Amino acid sequence: MFNRVTSFCRKVLNRDNKTRAIDDLKLEVIPRQEHGISRKDISENALKVLYRLNKAGFEAYLVGGGVRDLLLNKQPKDFDIATNATPEEVRKLFRNCRLVGRRFRLAHILFGRDVIEVATFRGHHGADKGDKSASQSNDGMLLRDNVYGTIDEDAERRDFTVNALYYNIDDFSVRDYAGGVEDLKNRVIRLIGDPETRYREDPVRMLRAVRFAAKLDMQINEATAAPIPALAHLLRDIPAARLFEESLKLLQSGNGLDTYRLLRDYNLFSPLFPILDEHFTEDRSSKCEKMLELVLKSTDDRVANDQRINPAFMYAAMLWYPLETRAEEIAFESGLSYYDAFMVAANDILDEQVKSIAIPRRFTAMIRDIWQLQLRLSRRSGNRAYKLLEQNKFRAAFDFLEMRGKIEGGQLEELATWWDDFQRANRDDRHDMVQVLNKASAAKKTRRRRKTKPRSRKPKPKSNTES
């Protein structure tokens, strides 16, 4: 598998094998007239924060993805700010500020639902820094990182060249520390520093490399890509709660299908969803893999059309075929009815999955509802169809049934078509559709009774005492 991925990297990804060594970083200041960033494209709330920090005598920069996206003529999702003010100093300037994070101390400035994240410039770890400021695991992973420094040190601590870009609110210039503007033009994702060291510091950087490549339609620099398959196992050491947030960024930001395919190529998908591993095939043709492609394509389409998405639906679809397999195994081994085995399997699958991705209970409850309704949607006679239609999770359950029908065909596809027609039908037509089912059900019961022959009763022998 590793050789296949390495071959993939060489053939498909960018062949420029250079990395940006930290010692080689060189600042380039791009004046206002030479870049396309305009303040009218920056969030009004972000500008308020930038100006207040600047007026108070602090350095203030729009940084990272916001600058990157503006240079690409994209609308940024978030506007993050970097400053030489400490989190406590930021809090004194803004009454609507709260400090968050233990590993990284951050200031969040709240404007209703809009949150502007402000980070203090990061510095380098040194022997003179106390354990309270920073610490690393034996494998090199950063456990705590509240060492503050200068903007130059902060740029050296950034992960990718295209994120080491700073928009200065003081003179409206762009400060480029690692050739990020050049890499944007060449459409390259390149890590700053030694890739293996940087991945060991924070294994989530491997996921970020893939996410940016898919999101920005760029290629990962070969040196940046090369260590990933061998280091993918390090993701198992990342807290499950953090990987839940990362999984949403990866799979529900509008490029989920492309991101999933890259994750598979780099061995990064299995650490996130180890339960799915046994359902993967070389040609990616299993029912489970077809479902992954289908649900992620559907999610991307909904994001593109500004439709609401729910993580529970995506997880329910992704884990369905492992659930079916587990339910069949339990039913066979224990002798339980399929329904009881199914419910036991549902708990087992979710308990295993939350060990790697901590799906919150509000979502696992909905996942169970969607799964359970799959067993009930085939029971439509009498008043059942009407009652199912009134269920809160009916629409999600139906959408999932429709996806299963596309993959499996046959009776499942016919069932999905029936429910689609039933939803669209008027009151009289719905009544007729249910009556057809009722008659078919009654006829089936009659045929069963005819097939069952009644026992022949032998006449009682006459008693000798009878007169």
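## Charges over rings

Arg39 lies over the face of Phe172, 4.0 Å from the ring centre. The charged end of Arg380 sits over the ring of Trp418, at 4.8 Å from its centre. Here, a charge counts as over a ring if NZ of Lys or CZ of Arg is within 6 Å of the ring centre and within 35 degrees of the ring normal.

## What we're looking at

This is a predicted model, where local features need pLDDT of at least 70 and side-chain atom pairs count only at pLDDT 80 or more, while totals for chains, interfaces and linings use all residues. Residues are numbered from 1 along each chain as its sequence is written, and side-chain values use heavy atoms, with hydrogens and water left out.

## Aromatic pairs around Phe400

Searching the whole structure turns up 20 aromatic pairs. Rings of Phe, Tyr and Trp (its six-membered ring) pair if their centres lie within 6.5 Å; planes under 30 degrees apart count as stacked, over 60 as edge-to-face and the rest as tilted.

Phe313 and Phe400 meet edge-to-face, 6.4 Å centre to centre with 85° between the planes. Phe313 is in helix α15 and Phe400 in helix α20, so this pair ties together parts 87 residues apart in sequence. Helices are DSSP runs of H or I, at least four residues, numbered from the N terminus. Trp320 also pairs edge-to-face with Phe400, at 5.5 Å and 80°. Both Trp320 and Phe400 are buried, meaning under 20% relative accessible area (exposed is over 50%, partly exposed in between; 1.4 Å probe, protein chains only).

## A bigger aromatic group

Phe244, Tyr260, Phe269, Phe273, Phe280, Tyr315 and Phe363 make up one aromatic cluster.

Conventions: Helices (H or I, at least four residues) and strands (E, at least two) are DSSP runs, numbered from the N terminus.
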